[in-house]
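Trainee: Could we go through this protein model together before I plan my reading of it?
Mentor: Certainly; please put it on the screen and ask as you go.

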Amino acid sequence: MADPTNHNQAGEVAPSTVDKQAPSVAEEHAPSTDSPEATDIPTANAPDPKAANSEDSPKAAKPTAVPPKREKPAAAAKAATGEKSAADATAEKPAAAKAAKKEKAPSVEDKPFVEFIEQDYLPALQKAIAQKGVQDLQVSFAKQKLPITGFESAEECWQIIGSWSEIGKRQFNLYFPDEDIQGKKGFSCNEGKKPSTLESFLIDERKITLDLLVFGLVQRLDGQKWLGRN
């Protein structure tokens, strides 16, 4: 009796290479009974990766919106407390300086003329002359004619008249024809006689201040040798 497994017998078809490999291929792709394992064999229920990523697919992933940039805690704290940056502070400096200038109190020289002379200049002048040794100085402020020979027809003007009796009668006059300390000023002095000369006073100074007005007159009287040990 012939062996049915003999592949060389006549009338029988020898199994192909595919048939011989089928059991091993099946075993290779067969799922394990111990635990589930993914295979690379496509199934009818698995979605097509190209279709899943397609823009036309209704289930395609939508682009994720970029979240707004969050403010840093330090910046947020500054904004909350009202703290300003160095640039903001620098920009506000000119405005602050202008405001300070506006709020600055006006100087005594900005007062009305008569008010400045009576309230500020006369007291300062008396004190300065007293410090030079003159104790009986008498000072007045009046609007009257110039007591100078040849000026009898001139208009009245504001003048400061100072006098004391050391070594005879000494008198000086300081004139303000413009009624303004920044305007023209004149000076005259005498010892018991009517003055004949009208001098210009502080004509080279660009701006007259209280201190300069006091110093100028004291210096002129000192030059006349009327103060101190003169």
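**Working through the model**

Trainee: What share of contacts with a separation of 6 or more is between residues 24 or more positions apart in the protein chain?
Mentor: Such pairs account for 44% of those contacts in the protein chain. Please keep in mind from the start that this is a predicted model.

Trainee: How many helices and strands does the protein chain have, and in what order do the elements run?
Mentor: The protein chain has six helices and five strands. Starting at the N terminus, the order is α-α-α-α-α-β-β-β-β-β-α.

Trainee: And how much of the protein chain is buried?
Mentor: Of the 230 residues, 23% are buried. The accessible surface of the chain comes to about 17,500 Å², and carbon and sulfur atoms hold 53% of that area.

Trainee: Where is confidence lowest, and where is it highest?
Mentor: The lowest mean, 48, belongs to helix H1 (residues 17-29), and the highest, 95, to H5. Across the protein chain the average pLDDT is 73, with 53% of the residues scoring at least 70.

Trainee: Which stretches have a pLDDT under 50?
Mentor: Residues 16-23 stay under 50, and the model gives them one contact beyond four places in sequence. Residues 56-60 are also below 50, with four contacts beyond near neighbours in sequence. Where pLDDT is low, the predicted coordinates should not be read in detail.

Trainee: Let us move to the interior. Which residues have the most contacts inside the largest nonpolar core?
Mentor: They are Ile117, Tyr121, Ile129, Phe172, Leu213, Leu217 and Leu221, in a core of 32 residues. At least two core residues come from each of H5, strand E2 (157-164), strand E3 (170-176), strand E4 (186-191) and helix H6 (210-223).

Trainee: Which of these gives the most to this core?
Mentor: H5 does, with eight residues.

Trainee: How many aromatic pairs are there in the whole structure?
Mentor: A search finds six. In one of them, the ring centres of phenylalanine 141 and tryptophan 158 are 4.6 Å apart and the planes meet at 20 degrees, so the pair is stacked.

Trainee: Where in the chain are those two rings?
Mentor: Phenylalanine 141 is in strand E1 (residues 138-144) and tryptophan 158 is in strand E2; the two are 17 residues apart, and their pair links distant parts of the chain.

Trainee: Are phenylalanine 141 and tryptophan 158 buried or exposed?
Mentor: Phenylalanine 141 is buried at a relative accessible area of 14%, and tryptophan 158 counts as buried at 18%. Ring pairs also join Phe113, Phe141, Trp158 and Phe176 into a cluster.

Trainee: Turning to lysine 111, where is its place?
Mentor: Lysine 111 is in the loop between helix H4 (86-103) and helix H5 (113-130). Its relative accessibility is 28%, so lysine 111 counts as partly exposed.

Trainee: What does the side chain of lysine 111 make polar contacts with?
Mentor: One polar contact is with the side chain of glutamine 119, at 3.3 Å. Another is with the side chain of aspartate 120, at 3.0 Å. Leaving aside residues up to four places away in sequence, lysine 111 touches Phe116, Gln119 and Asp120.

Trainee: What about serine 163: buried or exposed?
Mentor: Serine 163 lies in strand E2 and counts as buried at 10% relative accessibility. Beyond residues up to four places away in sequence, serine 163 touches Asp136, Leu137, Gln138, Lys169, Arg170 and Gln171.

Trainee: And asparagine 190, what does it touch?
Mentor: With the same sequence neighbours set aside, asparagine 190 touches Lys169, Arg170, Gln171, Pro195 and Trp226. Asparagine 190 lies in strand E4 and is buried, at a relative accessible area of 13%.

Trainee: One last topic, the backbone. What is the phi of glutamate 179?
Mentor: Glutamate 179 has a positive phi of about 55 degrees, although it is not a glycine. Most residues other than glycine have a negative phi. Glutamate 179 sits in the loop between E3 and E4 and is partly exposed, at 38% relative accessible area.

Trainee: What is the phi of leucine 202, and where is leucine 202 found?
Mentor: Leucine 202, also not a glycine, has a positive phi of about 50 degrees. Leucine 202 is found in the loop between strand E5 (199-200) and H6.

Technical notes:
Residues are numbered from 1 along each chain as its sequence is written. This is a predicted model: local features need pLDDT of at least 70, side-chain atom pairs count only at pLDDT 80 or more; totals for chains, interfaces and linings use all residues. Side-chain values use heavy atoms; hydrogens and water are left out. Helices (H or I, at least four residues) and strands (E, at least two) are DSSP runs, numbered from the N terminus. Buried means under 20% relative accessible area, exposed over 50%, partly exposed in between (1.4 Å probe, protein chains only). Contact means heavy atoms within 4.5 Å. Accessible areas come from the Shrake-Rupley method with a 1.4 Å probe; for residues, only the protein chains shown count as cover. A polar contact is a pair of N or O atoms within 3.5 Å; within protein, one must be able to donate a hydrogen and the other to accept it, and residues adjacent in sequence count only if both atoms are side-chain atoms. A nonpolar core is a set of buried Ala, Val, Leu, Ile, Met, Phe, Trp, Tyr and Cys residues joined through side-chain atoms within 4.5 Å. Rings of Phe, Tyr and Trp (its six-membered ring) pair if their centres lie within 6.5 Å; planes under 30 degrees apart count as stacked, over 60 as edge-to-face and the rest as tilted. pLDDT is the predictor's confidence in each residue, from 0 to 100.
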